[in-house]
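The report below walks through the model displayed here, moving from single residues to the chain as a whole.

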Amino acid sequence: MEAFQTSSKRTRTRDALISAARALVFERSHEKISIQDITCRASVGTGTFYNYFATKDDVFEAVVEEYKNQFVQEIEETRSRIKDPAMMVAATLKYYFHQAQHNESWRTFLSFSGLPGRIDLRQDSHESFKDIQRGVAAGRFKVEDCHFAQSLIAGMIDHINSEIANGRLAPNATDEAVRYILRMLGLPDPVAKALTQSPLPPVSASHQNNIAIRHFS
């Protein structure tokens, strides 16, 4: 019981530091935030910070991971209601492209966080590979080499994310990318187009509210 309480307290403290860092980034941006600011907002001692993170960037990276985990939870809820492997691939691609391009909380945090390099949103590569295998097994995809197909898809996703990050994305570019990916997997163009144009299944109200609260708290 004591070990559980200690673990629970550590989790709460870490979560408090992450929440404080996220809120402060929106208020002041990276360069105006000190570790003391973060610990003060989290109501813990300054020295406590170093029990969880080595640098300020480390806690900002933890915020990024929290965002990504929330996105995974949301899309997995959607995916759990989809039976068709082709629709599952289409919905997953559309979801991540949409979040990367239109989720203002995510985009604002990345802009103000000061973290180096480009940080992309995308499905885990192993999960993408399994989706392709699932589609082949169901007869929906015509792919000779699933590993190669997944590598090609990853390259297309990288290009789209680069265009999003640089603000150069043409109108409807993400839909076209999804359509081309589905065609590359062996779907006829009319089918690929129809799947691309299909709306995502709605997120449950309770989960949607939870995402909004955690993003903007």
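## Asp-120 and the loop around it

At 16% relative accessibility, Asp-120 counts as buried, and its place in this predicted model is the loop between α5 and α6. Leaving aside residues up to four places away in sequence, Asp-120 touches Lys-68, Asp-158 and Asn-161. Asp-120 and Phe-97 are separated by 23 residues in sequence, while their C-alpha atoms are 9.7 Å apart in space.

One of the residues touched by Asp-120 is Asp-158, and Asp-158 in turn forms a salt bridge with Arg-118, with 2.7 Å between the closest N and O atoms. This pair links distant parts of the chain, since Asp-158 belongs to helix α7 whereas Arg-118 lies in the loop between α5 (104–113) and α6 (125–137), 40 residues apart. Both partners are partly exposed, Asp-158 with a relative accessible area of 35% and Arg-118 at 40% relative accessibility.

## Salt bridges

How many salt bridges does the count come to? The count comes to 17 salt bridges, and three pairs among them are set out below.

| Pair | Closest N to O distance |
|---|---|
| Asp-158 and Arg-118 | 2.7 Å |
| Lys-130 and Glu-127 | 3.3 Å |
| Arg-168 and Glu-163 | 2.8 Å |

Lys-130 and Glu-127 both lie in helix α6, 3 residues apart, which is about one turn of the helix. An α-helix has 3.6 residues a turn, so residues three or four places apart point the same way. Lys-130 is partly exposed, with a relative accessible area of 31%, and Glu-127 is likewise partly exposed, with a value of 26%. In the pair formed with Arg-168, by contrast, Glu-163 is buried, having a relative accessible area of 14%. Beyond these pairs, salt bridges also link Glu-76, Arg-79, Asp-131 and Arg-134 in a network.

## A buried lysine without a salt bridge

Lys-94 is found in helix α4, and Lys-94 is buried yet has no salt bridge. Which side chain of opposite charge is nearest to Lys-94? That side chain is Asp-175, 5.2 Å away, and because a salt bridge requires the nitrogen and oxygen to be within 4 Å, the pair of Lys-94 and Asp-175 is not counted as one. Not counting residues up to four places away in sequence, Lys-94 touches Asp-175, Val-178, Leu-195, Thr-196, Gln-197, Ser-198 and Pro-199.

## Helix α8 and its surroundings

Helix α8 (residues 173–184) consists of 12 residues and reaches 16 Å from its first C-alpha to its last, close to the 16 Å expected at 1.5 Å a residue. Its buried residues are Ala-173, Thr-174, Ala-177, Val-178, Arg-179, Ile-181 and Leu-182, and what covers them includes α4 (85–102), α7 (146–165) and α9 (189–197). Just after α8, Gly-186 takes a positive phi of about 105°.

A nonpolar surface patch of about 270 Å² is made by Phe-148, Leu-152 and Met-184. Within this patch, Phe-148 lies in helix α7 and is exposed, with a relative accessible area of 51%.

## Two serines with positive phi

Most residues other than glycine have a negative phi, and most peptide bonds are trans. Against that background, two serines deserve a look. Ser-29 has a positive phi of about 80° although it is not a glycine; its place is in the loop between α1 (2–28) and α2 (35–42). Ser-43, also not a glycine, has a positive phi of about 60° and is found in the loop between α2 and α3 (56–79). Are these serines buried or exposed? Ser-29 is buried, with a relative accessible area of 11%, whereas Ser-43 counts as exposed at 66% relative accessibility.

## The chain as a whole

The protein chain holds 10 helices and 0 strands, so that its pattern along the sequence reads α-α-α-α-α-α-α-α-α-α. Of its 217 residues, buried ones make up 42%. Among the contacts with a separation of 6 or more, 68% are accounted for by residues 24 or more positions apart. The chain exposes about 11700 Å², of which carbon and sulfur atoms supply 52%.

Technical notes: Residues are numbered from 1 along each chain as its sequence is written. This is a predicted model: local features need pLDDT of at least 70, side-chain atom pairs count only at pLDDT 80 or more; totals for chains, interfaces and linings use all residues. Side-chain values use heavy atoms; hydrogens and water are left out. Helices (H or I, at least four residues) and strands (E, at least two) are DSSP runs, numbered from the N terminus. The expected span of a helix is 1.5 Å times one less than its number of residues. Buried means under 20% relative accessible area, exposed over 50%, partly exposed in between (1.4 Å probe, protein chains only). Contact means heavy atoms within 4.5 Å. Accessible areas come from the Shrake-Rupley method with a 1.4 Å probe; for residues, only the protein chains shown count as cover. Lys and Arg count as positive and Asp and Glu as negative; His and the chain ends are not counted. Patches are made of residues with over 30% relative accessible area and no salt bridge: like charges are joined within 9 Å, nonpolar side chains (Val, Leu, Ile, Met, Phe, Trp, Tyr) within 5 Å.
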